[in-house]
Amino acid sequence: MKDKKISPTRESLKYCFRQIKQYKRSYLPLSVLNVIIGAAAPFAELIFLPLAVDALTAEEKNVSLIITYFLIMSVLTILLQGANSIISIHLAKCEDMFLNASSMEISARCMEIDFSLTEDKHALDRIKKARDGIQWSGGTHNIANAFFTIISNGIKIAGVIAVLIINAPVLLIIIGVLLTLSAIINARKNDIDIKNFTELSGINRIFGHICWEMEDFRYGKDVRLYSAAGMMLEKTSQQIKRLSDYWENINRLKFPLNILDVIVNVLRDFGTYLYLGVLAITGKITIGTFSQMLSAGGTLHSSLQAVILGVQDIVKRSSYMYEIIRFMDYPPAMEKGDRKIEKLKSGHEIEFKNVSFSYPHTGVSVLKDVSIKLKAGEKLSVVGLNGAGKTTFIKLLCRLYDVESGEILLDGVNIREYDYDEYMKLFSVVFQDFRLLAFSAKDNILLGQDDENSDEEVDGLFEKTGILKKINSLPKGRDTMMFKQFDKEGVELSGGEQQKMAIARALYKDAPVIILDEPTAALDPVAEYEIYRQFDSLVGGKTAVYISHRLSSCKFCDNIAVFSEGTVKEYGTHDELVHKPDGIYAEMFKAQAQYYV
Ligand code: ADP
């Protein structure tokens, strides 16, 4: 079956109507009313001023009639212009609302697209294009405005054509033909803009990203200490150069079209004067009609041009807006099932069966034929050198990526078959590169899951992870904002303190499987000892996976998996592995023990 061709204009208009329906139904009727009022406003003066002047210049002056005309004219003008400005303010509010709504829709979609896409260049370009799409299309209201411009000019055209048809019909043909040429030229220019939008958006994304890195204070220390400013500025200059090359190219492509445009305009003026001049000289029209036709021709031309440009403007803006729609429909990278997860009192069993994986577009095998079983309630410690594939193992378990071959089973069923959202609820994870949000300490733990006991629960978790004293010492306690983006009294916690918060957040989720990736990397030895000491009470009988370079922490795990070069090289208890001759774990343990007293 042949695919139905998608029309970006139709899709974008549907998007605009959906937005209007969803956010402000009154937008369309108010806009129409505004067009009518805007068109009617000059008529108060047009109608009543000549009447008032006639009454003024009449021999018998009727003072009350003169005053009445002026009064009606003034009141009508005040009413119409007042209504026009009140409605305009309301419409401007809607305009902002539509733009913000599109922006929020894109942000919301960014949070739900498959994680693997967040580092996919194609997907990132699409996000940037969607954002540019809002700006370049000008949003729903700009498309609606172009639409209303077409309607109001359409009305003008009907009136002027009626006048011209009687007195100078050939002028209609002259204007029609040359305007068609202008429209073709303009369509070509729009094509150039639309075709090159992708390239411009790509350059802007890189430019924006480097600027963001330069402005973000989290990079500030490294930038200063490694004198990276020069390199960053150089990279920005390269993008500015690319941008200027881009615009130069666009100008070069458009130059002949601009010249053609000028020629067509000159021809139109020449044709109009010639035709009307001949009519006047041959006595077919009077000089008064000559000037009247000249002005009617001008109005017809400008109105027709406004209609044509309006239509082309809608097509062009729609093609930019279509980028928002395309991003909203971005195809998922992962297979997702709808199977419900059975709630098992005993916990869940997890199994990796011959799992291999390489990150998208890299072709480098990061995990090779990994098979490992994790019984319900088991505590597994994953160790290995940097780059061995430990975090990747966790990412696959959490379905941030899909395996390339082999399968991961939960209670004997491939995890792809489960409902994705339900599956995600199974895990409380603290990644090495966790991030706290610029909200209050409490909101960072609850993430919107408040209830009346939340404060006590949050304090209990802060106590367990050893951060309660610090939080209580903050200006607004647990309501103190993290970081200073939104509040000058916000706090900048140390790496270790942030890590304690992240652990508290994971514990609050209270999921059946706990995963901690280097959970104590930023903690001082006392805090680290406390976390280890309390580990059993923190994790309870839950299944836990625990990545750590501190091998002494492996002692309280049921099993240890030693990753090396993407495979599980050793597997067993601490006692089994530590005594294995020439074993990797035994070697690592010995090396580390030397430096710990
Ligand atoms: P570990 O946790 O054992 O230190 P990782 O699982 O983080 O190791 O990384 C294993 C390998 O995968 C490394 O060589 C790393 O460079 C690569 N890698 C990690 N993340 C990505 C990614 N998002 N894209 C491409 N390669 C990655």
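Trainee: Which residues come nearest the ligand?

Mentor: This is a predicted model, so read everything as computed. Around the ligand there are 14 residues. Glu-119, Gly-387, Lys-390, Thr-391 and Thr-392 come nearest.

Trainee: What's the mix by class in that shell?

Mentor: Five nonpolar, six polar and three charged residues.

Trainee: Which helix gives the largest share of the shell?

Mentor: Helix H10, residues 390-397. Four residues of the shell come from helix H10.

Trainee: OK, polar contacts. What does the side chain of Lys-390 do?

Mentor: An N or O atom in the Lys-390 side chain sits 2.9 Å from an oxygen atom of the ligand. Gly-389 also has a contact with a ligand oxygen, through a backbone N or O atom at 3.0 Å.

Trainee: And which side chain is 3.4 Å from a nitrogen atom of the ligand?

Mentor: Tyr-359. An N or O atom in the Tyr-359 side chain is at that distance from the ligand nitrogen.

Trainee: How much of the ligand's accessible area does the protein cover?

Mentor: 63%. On its own, the ligand has 560 Å² of accessible area.

Trainee: Switching topic. How many disulfides are there in the whole structure?

Mentor: Zero, from a search of the whole structure.

Trainee: Remind me what counts chemically as a disulfide?

Mentor: A covalent bond between the sulfur atoms of two cysteines.

Trainee: Then why no bond for Cys-94?

Mentor: Because the closest cysteine sulfur, in Cys-16, is 13 Å from the sulfur of Cys-94, too far for a bond. The cut-off for a disulfide is 2.5 Å between the sulfurs.

Trainee: Is Cys-94 buried or exposed?

Mentor: Buried, because its relative accessibility is 1%.

Trainee: What about Cys-557, buried or exposed?

Mentor: Cys-557 is buried too, with a relative accessible area of 7%.

Trainee: Next, Asn-153. Where is Asn-153 found?

Mentor: In helix H5, which covers residues 139-167.

Trainee: Why does Asn-153 count as buried?

Mentor: Because its relative accessibility is 8%, and buried means under 20%.

Trainee: What does the side chain of Asn-153 reach?

Mentor: The backbone oxygen of Thr-149, at 2.8 Å.

Trainee: And which residues does Asn-153 touch, leaving out those up to four places away in sequence?

Mentor: Ser-303, Ala-306 and Val-307.

Trainee: Now Val-32. Which helix is Val-32 in?

Mentor: Helix H2, residues 27-57. Val-32 counts as partly exposed, because its relative accessibility is 39%.

Trainee: How are Val-32 and Phe-148 placed, along the chain and in space?

Mentor: They are 116 residues apart along the chain. Their C-alpha atoms are separated by 7.6 Å.

Trainee: Last topic, backbone angles. What is phi of Leu-447?

Mentor: Near 45°. That is a positive value in a residue other than glycine. Leu-447 lies in the loop between helix H12 (441-446) and helix H13 (454-464).

Trainee: How accessible is Leu-447?

Mentor: Leu-447 is at 44% relative accessibility, so it counts as partly exposed.

Trainee: And what is the phi of Phe-483?

Mentor: About 65°, positive although Phe-483 is not a glycine.

Trainee: Where does Phe-483 sit?

Mentor: In the loop between helix H14 (468-472) and helix H15 (495-509).

Trainee: Is Phe-483 buried or exposed?

Mentor: Buried, with a relative accessible area of 15%. Leu-447, by contrast, counts as partly exposed.

Notes. Residues are numbered from 1 along each chain as its sequence is written. This is a predicted model: local features need pLDDT of at least 70, side-chain atom pairs count only at pLDDT 80 or more; totals for chains, interfaces and linings use all residues. Side-chain values use heavy atoms; hydrogens and water are left out. A residue is near a molecule or strand if one of its heavy atoms lies within 4 Å of it. A polar contact is a pair of N or O atoms within 3.5 Å; within protein, one must be able to donate a hydrogen and the other to accept it, and residues adjacent in sequence count only if both atoms are side-chain atoms. Accessible areas come from the Shrake-Rupley method with a 1.4 Å probe; for residues, only the protein chains shown count as cover. Helices (H or I, at least four residues) and strands (E, at least two) are DSSP runs, numbered from the N terminus. Ala, Val, Leu, Ile, Met, Phe, Trp, Tyr, Cys and Pro count as nonpolar, Asp, Glu, Lys and Arg as charged, and the others, Gly among them, as polar. Buried means under 20% relative accessible area, exposed over 50%, partly exposed in between (1.4 Å probe, protein chains only). Contact means heavy atoms within 4.5 Å.
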